[in-house]
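Hi,

Here is the structure I promised to send over. Have a look at it first, and my notes follow underneath.

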Amino acid sequence: MKKFTACMICIAMLLSLAAASSVSAKETGTASVSAVQVPQLHISTANGNGISLEKEDGYTDAQFSIGDEAGEHIIMKVRGNSTAMTAKKSFTFKFDSKKDLFGMGKAKKWVLLANPFDPTLLRNYIAFDFAQELGLEYTSNQKIVELWLDGRFRGCYTLMEPVEAGSKRVDINTEGSNDFMLEYESLRTDEGTSYVTVGGLRFGVSEPDEPDNDQLGYITNTLTQLTNTINSGDQAAIEASLDLPSFVKFYVLNEFIKTNDFNFSSVYFYYKDGKFYAGPPWDYDLSMGNVNMKFSTNSAAAFKTDGEFINNKLFYKKLCSYDWFMQAVHREYALHADYIRGIYTTGGLIDTLASDYSDVFSRNYNEAGWSIRYLINVMMQPLPTYDENLAFLKNWCAERDAWLCGHYGIPSLRYMIGDSDGDGKITITDATYIQYVLAELLNDEDGGIALRGNVTGESLKINDATEIQKYLVGLDTSYRIGEYLVM
């Protein structure tokens with residue numbers, strides 16, 4: 001997964017504080033009850049060597065079961081690059097026929113992410129939840145699980161859909177059509193992967209899996225045309241060639257969480273039905289401040305909660321130079337401002353996940369034996385306790401949101417339905433202002449009262465004042481008074 005750091009993994013391992021205590025796995029036992037039901041996954045390899053598997057071993061036969069279910073045949077292998085060299089490995093596994101796991105849709109291939117570089121075990125989950133909130137197409141579904149491998153407890157994993165073509169995955173047609181999917185890859189060359197370079201940007205061809213020369217030529221020519229269109233600055237032409245909503249949403253996601261890998265790998269784009277899309281998202285454990293600020297200038301920028309980060313990378317280097325694109329970014333951020341704030345506030349997403357899965361996270365460190373102080377050179381030095389690492393994550397998100405809200409002018413883009421006078425609360429004055437404007441006793445020069453006081457969704461009228469009065473005395477109203485909209 002961490003392609004950029006794979007070439008330096010040997011150095012990283014020397015820095016690891018967990019070398020002597022990477023795992024002390026226990027025999028299968030009954031897990032204690034969590035606040036939410038956590039699936040117990042069991043994988044038994046044919047040779048009983050699952051613990052010692054390495055990436056170069058490739059696929060091996062195994063049996064897969066959930067809880068007490070009967071086992072099903074799978075093939076499994078170690079996945080990732082630098083993560084493949086950790087003791088707590090991630091895995092890819094395939095069923096013989098398509099299977100629906102936990103309502104995620106039928107497919108053969110699945111992924112178990114170990115998240116060894118994130119002491120909170122939450123960064124990937126938060127990023128994908130945010131991507132779902134944004135409505136990014138084909139964002140992978142996820143499920144926190146616990147894994148037993150050959151009868152030995154391996155701790156907390158995240159079961160996920162991999163990024164691949166398929167009717168229940170990235171729904172592109174790579175057979176007999178011109179659809180394709182790319183992964184940005186600045187340095188690494190993987191065996192069996194074809195690469196194209198356009199405008200100084202190098203991409204591995206993810207789909208089709210084994211493109212022939214004609215397909216590679218087509219992909220290169222299409223990407224060249226797309227790059228020229230983006231560089232032209234012609235808004236109409238860009239909107240005709242790119243799916244702008246996906247590029248805006250993808251920018252908001254990655255700009256907020258500052259993923260260190262964005263300039264190196266694990267950044268996907270796909271071409272479908274004549275349009276170029278950003279996404280799907282992938283790989284976020286080295287994000288939200290979990291980077292070594294002394295590792296590189298890129299990591300230093302990724303660690304800080306202030307400053308723009310994605311605006312000078314990949315296709316965004318040009319897109320972010322256009323005012324109309326950044327206006328769309330600001331509006332998208334404003335649309336999700338309440339959700340973003342809910343990530344880090346007391347009782348919000350981070351607190352809820354930490355509470356719901358507290359037993360699971362505790363068992364990951366105390367029973368499976370993984371060290372919370374595990375370290376590689378590109379990641380931040382973990383803090384001594386889980387709670388301290390969690391507090392750091394919450395604080396980082398809060399500071400990042402505060403900086404972006406100020407930089408984008410988010411408060412000026414949002415207004416509350418029914419807050420006619422714009423003071424941030426609903427009072428009888430708001431109804432009175434509407435009455436004054438309708439009676440021409442008050443001049444609404446900038447149209448702010450008509451905008452904010454328009455409760456019914458039609459032109460400003462006395463009904464808007466009446467509905468606000470009903471709201472204030474606690475009577476039922478079918479209108480969204482008190483909710484925020486974006487200008």
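Helix α3 (residues 123-134) lies across β5, β6 (142-149) and β7, and runs at about 150° to β6. A second helix, α12 (residues 358-366), lies across β6 and β7, at about 130° to β7. Bear in mind that this is a predicted model.

The strands under those helices belong to a barrel: 7 strands close up in the order β1-β2-β3-β4-β5-β7-β6, with mixed pairing. Neighbouring strands there are turned by 40° against each other on average, ignoring direction. If you want a spot to zoom in on, try β5 (residues 106-113) and β7 (residues 152-160), which run antiparallel and are joined by 3 bridges. Leu-113 has Thr-158 in β7 as its bridge partner.

Now for the residue I kept coming back to, Lys-88. You'll find Lys-88 in the loop between β3 (72-79) and β4 (90-100). Lys-88 is buried but has no salt bridge. So how far away is the nearest side chain of opposite charge? That side chain is Glu-146, and it is 9.5 Å away, whereas a salt bridge needs the side-chain nitrogen within 4 Å of a carboxyl oxygen.

What does the Lys-88 side chain have around its polar atoms, then? The backbone oxygen of Cys-156 lies 2.7 Å from a polar atom of that side chain, and the backbone oxygen of Ala-114 lies 3.1 Å from one. Leaving out residues up to four places away in sequence, Lys-88 also touches Thr-83, Pro-116, Leu-121, Arg-154, Tyr-157, Asn-364 and Trp-370, among others.

There is also an open sheet to look at. 5 strands form it in the order β9-β10-β8-β11-β12, with antiparallel pairing. At the edges are β9 (195-198) and β12 (275-278), each of which pairs on one side only. In this open sheet, neighbouring strands are turned by 30° against each other on average, direction ignored. Inside it, β8 (residues 180-184) and β10 (residues 201-207) pair in the antiparallel sense over 4 bridges, and Leu-182 stands opposite Val-205 in β10.

Two helices pack on this open sheet. Helix α4 (residues 213-232) touches β8, β9, β10, β11 (267-272) and β12, and its direction makes about 25° with that of β9. Helix α6 (residues 244-257) touches β11 and β12, and its direction makes about 15° with that of β12.

Cheers

Technical notes:
Residues are numbered from 1 along each chain as its sequence is written. This is a predicted model: local features need pLDDT of at least 70, side-chain atom pairs count only at pLDDT 80 or more; totals for chains, interfaces and linings use all residues. Side-chain values use heavy atoms; hydrogens and water are left out. Buried means under 20% relative accessible area, exposed over 50%, partly exposed in between (1.4 Å probe, protein chains only). Lys and Arg count as positive and Asp and Glu as negative; His and the chain ends are not counted. A polar contact is a pair of N or O atoms within 3.5 Å; within protein, one must be able to donate a hydrogen and the other to accept it, and residues adjacent in sequence count only if both atoms are side-chain atoms. Contact means heavy atoms within 4.5 Å. Two strands pair if DSSP finds at least two bridges between them. Axes are lines fitted to C-alpha atoms, for helices over the stretch in contact, and angles run from 0 to 180 degrees between N-to-C directions.
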